[in-house]
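Thank you all for coming; I would like to walk you slowly through one structure, so please have a look at it before I begin.

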Amino acid sequence: MQAEQRYIFVRGKTSMSNREKLIVLALVSFFLAVLFWMSYWELLKHEDIKKVLESTRYRTGLLSMFLPMIFPLLFLIFVQLTYRKTRLIVDGKGMFLEWLPGSVFAKFKFLEKRVSWTELEHATHLSSFETVQLRSKGSSVTWGIRLRDWKLYSVEIPQDAFEDKKIDLLSVLREQGIFENVAKDPRLLAMEFDLMKHPVTRKILLLTGVLLAYCFVDVFMQHEGWAFFNKDYLLPHIAIAFIATAVLAWAALKTDKHEQAPIGIVVVVLAIAGFSFLVASYVSGIRLNQLVGGPLISAEYHRDDECEKLIPVDNNLPVVEYTSMTKDYWCSVKADEVVLVKVRKGLFGLYQFDLREQTQAIRNFRQKS
């Protein structure tokens, strides 16, 4: 390619890649899962949301709190929309992003971008994201270009050698030799690592998926929970998760050198696995305590004066603690009224509750009120 050859690209019809769709799907799924659990435990109710949104004072406060966080996002969306009125010029000297002739945004010169091949420090092609990342020397700003966003508009001083070829932005950049002459950005290489293709990370992720799937299923099958959420109940699970993660780390590092994944990626994957071990240990501990512990008995309790706790008649049994969200219901129960709570004493003196009856009574009370 000669230096005087100029290629002009304009924004075309864009769509998300499969990896981008997967990322969006994961974020949406996480958001829906949070809403599901909040609704399941009645932390989020339609009636409460409607009352809150009808409050002018609340809407004003909410707007003043979130506007500083939303404004940068709105500005980013505005910039991306205005960039649809731009064109990308590539030649032997560099690449230039400018407004289309006659564009109403032509006055916003600060939004235009330029990079010179001689001043280029990093040039990285992320094939999985169909993106090119460019960074100039002495600049802390990276220019990310989605290849699928741009289509060829015209070629100035075309050569016969390109007449029968399919010309796209990536092929033009390759002809400039920037990927061979300029180093890749090492901070971006991890984005190209495919976790599900490498044998080590694939096995760790599959194990993590199995553990979390078990936790999700077992939580719905069993109806008991630990009596307390303190160090005595948490430390055993933290210790188990630490030991399991250490063994998994040892196994991952003992693999052949040609099968070892980058250490930074292994650390992140092991951290995710460690969290799954912790959750699985906590959930399976409840099941184990249920199977080998003592019998589930009905013990007599009374609510306290603050309507937030159930105090056992037998001082050897644990106290049942509720949040202020259930205060209205427990205040409707007389202080001397006996409340039967199902309690199980398990291994090492660890107690569990089965509070299905109390939970259903609270739900019925809220529906009537």
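I will talk about the nonpolar cores and then about a patch on the surface.

This is a predicted model, in which local features need pLDDT of at least 70 and side-chain atom pairs count only at pLDDT 80 or more, while totals for chains, interfaces and linings use all residues. Residues are numbered from 1 along each chain as its sequence is written, and side-chain values use heavy atoms, with hydrogens and water left out.

The largest nonpolar core has 24 residues, and those with the most contacts inside it are M95, L134, L169 and L173. By a nonpolar core I mean a set of buried Ala, Val, Leu, Ile, Met, Phe, Trp, Tyr and Cys residues joined through side-chain atoms within 4.5 Å, where buried means under 20% relative accessible area, exposed over 50%, and partly exposed in between, with a 1.4 Å probe and protein chains only. Among the elements that give two or more residues to this core are β1 (6-11), β3 (94-99) and α4 (169-175), these helices and strands being DSSP runs (H or I, at least four residues, for helices; E, at least two, for strands) numbered from the N terminus. The largest share, four residues, comes from α4. Apart from this core lies another, of 21 residues, among them W226, Y233, W330 and V339.

Turning to the surface, V219 lies in helix α6, and V219 counts as partly exposed because its relative accessibility is 34%. Elsewhere, K113 is placed in strand β4 (residues 113-116), and at 30% relative accessibility K113 also counts as partly exposed.
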